[in-house]
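Open the model in a viewer and keep the sequence panel visible. The stops below are given as selections, each followed by what is found there.

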Amino acid sequence: MKAFVIAGTHSGVGKTTVSIGLMAELRRQGKDVQAFKVGPDYIDPGYHRLATGRPSRNLDTWLCSKTAVKKTFARAASEVNVIEGVMGLFDGAKGGKGSTAEIARLLTLPVILVVDAKGMAQSAGALVQGYAEYQPTTRIAGVIFNRVASAGHYDILKKAVKIPSLGWIAKNKDMQLPERHLGLVPANEREPDIEKIRCAVVKGLDLHKLLRLSEIASPKVSLLRMKKKRVRIAYALDTAFHFYYQDNLDLLVAAGATLVPFSPLSDKDVPDADLLYLGGGFPECFEKELLENKPFCEAMRDWKKPIYAECGGLYYLSLIGKIPGKMQMRNRLQHFGYTEALAQTDTCLVRQGERIKGHMFHYSHWEGSPNLYAFEKRGRSIIEGYAAGKIHASFLHVHFASKPILARRLVEMAEKHKGEKP
């Protein structure tokens with residue numbers, strides 16, 4: 001099989017654009033293409049799905065164990081596998097934990113380094129050589145130059161580097177993906193012209209050479225053990241709510257859940273289910289539309305069964321008055337990065353005293369009385385989230401593969417309340 005990592009010298013070099021362009025071209029050629037994203041990102045996988053026609057998977061060695069990451073890759077791997085990196089190649093948590101380089105070494109994958117060549121000539125040789133020698137165990141197999149001025153410019157760049165050059169991508173403002181406060185605008189809100197991106201990306205690339213460099217041995221697959229379906233878990237899925245790790249959904253199914261999507265934006269009633277899962281997203285951008293759907297808001301306020309809500313889900317529950325306290329948008333990030341939280345109480349997901357790894361990334365601030373998680377930030381102890389009755393709502397995004405019992409607990413809680421009035 002084929003597999004390679006698209007990495008960057010730093011953030012903003014065009015990793016997502018290059019990745020989806022390659023994915024779309026490989027799919028056009030009739031190949032089965034599987035996408036992966038290094039790190040906890042939700043938005044880039046949405047673009048991957050658009051390009052490949054199948055869900056993308058997150059590979060994160062801070063949130064999950066190395067064994068769990070290997071299993072995720074092996075279970076999902078296909079004919080050609082494109083792994084988009086995060087930030088710069090070696091950037092991650094303390095000691096490079098969770099970095100693109102760490103994932104590449106863990107899975108023994110070749111790295112294709114994307115270099116922003118704007119304003120650069122022979123200096124590209126020194127830059128690429130530095131990346132290649134910084135950690136020799138991270139194998140940089142080739143380089144792609146982005147934002148190149150001309151064929152002559154590329155010829156200078158190609159001669160300056162000592163590792164294989166796989167081609168170039170011309171400056172093209174039409175390929176720039178739109179952004180807002182949390183990064184790229186999600187693909188399901190403003191779908192990009194994938195065909196235009198595909199053509200622009202592959203025009204100057206040697207795809208055959210890239211695929212020759214990306215041959216790897218197929219990994220040993222460890223299949224999920226599937227339990228008999230015994231509950232229905234409904235999860236919010238529309239343009240306001242769509243931040244879900246595919247592995248979270250898969251682990252819920254494996255634990256015995258039938259998943260039912262619903263839309264707080266357009267549905268008039270809560271679906272027939274035993275537990276609601278409100279994932280993250282951008283409810284702040286659809287606040288007016290969410291509140292105008294009065295029948296659904298009323299049905300949510302009357303809902304008596306368990307609710308598990310993450311970030312955008314917490315925002316929504318506060319917005320409609322399902323939980324106390326008000327939500328406000330701030331002009332700067334409130335929390336950003338990995339967090340290890342200590343559960344303060346028992347909920348449908350956690351047990352008091354249990355440590356949970358997760359990721360936070362939000363501008364909103366909940367003016368309520370937090371009582372769910374405690375974590376350290378710059379030497380201060382902070383309490384966040386809301387837990388009462390059957391509700392668990394927090395800014396913390398959790399990857400269930402970090403602790404598979406979490407998915408089982410949600411299914412068990414749903415089963416406990418099965419048959420009750422919603």
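A residue is called buried here when its relative accessible area is under 20%. The model is a predicted one.

**Stop 1: helix α12**

Select residues 312-319, which form helix α12. Why is this helix described as largely enclosed by the rest of the structure? Seven of its eight residues are buried, so the remainder of the structure largely encloses it. Colour G312, G313, L314, Y315, Y316, L317 and S318 to see the buried set. Then step past the end of α12 to G321, where phi is positive, near 80 degrees.

**Stop 2: helix α9**

Move to residues 246-254, helix α9. Seven of the nine residues in this helix are buried, so α9 too is largely enclosed by the rest of the structure. Which residues are the buried ones? They are Q246, D247, N248, L249, L251, L252 and A254. Just after the helix, select G256: its phi is positive, about 120 degrees.

Keep L251 selected and add P404. Along the sequence these two are 153 residues apart, but their C-alpha atoms are 7.3 Å apart in space. P404 sits in the loop that runs between β23 (391-394) and α13 (405-416). With a relative accessibility of 39%, P404 counts as partly exposed, whereas L251 is among the buried residues of α9.

**Stop 3: A257 in strand β12**

Now select A257, in strand β12 (residues 257-262). Is A257 buried or exposed? Its relative accessible area is 0%, so A257 is buried. Show the residues it touches: leaving out those up to four places away in sequence, they are K229, V231, I233, L252 and V411. One of these, L252, is also a buried residue of α9. For a distance check, select G281, which is 24 residues from A257 along the chain; the C-alpha atoms of the two are separated by 22 Å.

**Stop 4: the second largest pocket**

Turn on a surface and look for the second largest pocket, which holds about 510 Å³ of space. To centre the view, select P45, G46, R49, L237 and H242; of the 23 lining residues, these are the closest to the centre of the pocket. Three elements give two or more residues to the lining: α2 (43-52), β11 (241-243) and α9. Which of the elements gives the largest share of the lining? Helix α2 does, with five residues. Coloured by type, the lining divides into 13 nonpolar, six polar and four charged residues.

**Stop 5: T16 in helix α1**

Select T16, which is found in helix α1 (residues 15-28). At 11% relative accessibility, T16 counts as buried. Show its contacts, again without residues up to four places away in sequence: D44, Y47, E84, L177 and L184.

**Stop 6: helix α3**

Go next to residues 66-76, helix α3, where A68, V69, T72, F73, A74 and A76 are buried. What do these buried residues pack against? On the strand side of the list are β1 (2-8), β2 (33-38), β3 (57-59) and β4 (80-88), and the helices are α4 and α9. Helix α9 is the element from Stop 2, with seven of its nine residues buried.

**Stop 7: strands β6 and β7**

Select residues 140-148 and 165-170, strands β6 and β7, which pair in the parallel sense over three bridges. Follow the chain from β6 through helix α6 (residues 151-160) to β7; this β-α-β crossover is right-handed. To find one bridge, pick V148, whose partner in β7 is A170.

In strand β6, select R147 as well. Its phi is positive, about 55 degrees, although R147 is not a glycine. At 29% relative accessibility, R147 counts as partly exposed.

**Stop 8: T108**

For the last selection, pick T108, in the loop between α4 (100-106) and β5 (111-116). What sign does phi have at T108? The phi of T108 is positive, about 55 degrees, and T108 is not a glycine. At 61% relative accessibility, T108 counts as exposed, whereas R147, with its phi also at about 55 degrees, counts as partly exposed.

Terms used:
Residues numbered from 1 in each chain as written. Predicted model: local features only at pLDDT ≥ 70, side-chain atom pairs only at ≥ 80, totals over all residues. Heavy atoms only, no water. Pairing = 2+ DSSP bridges. Helix = DSSP H or I, 4+ residues; strand = E, 2+ residues; numbered from the N terminus. Right-handed = clockwise from strand over helix to strand, strands pointing away. Buried < 20%, exposed > 50% of the residue type's maximum accessible area, 1.4 Å probe, protein only. 1 Å grid on protein atoms, 1.4 Å probe; cavity = no way out; pocket = protein on both sides within 12 Å on 5 of 7 lines; lining within 4 Å. Points joined across faces, edges and corners; volume = space filled by probe spheres on them. Nonpolar A, V, L, I, M, F, W, Y, C, P; charged D, E, K, R; others polar. Contact = heavy atoms within 4.5 Å.
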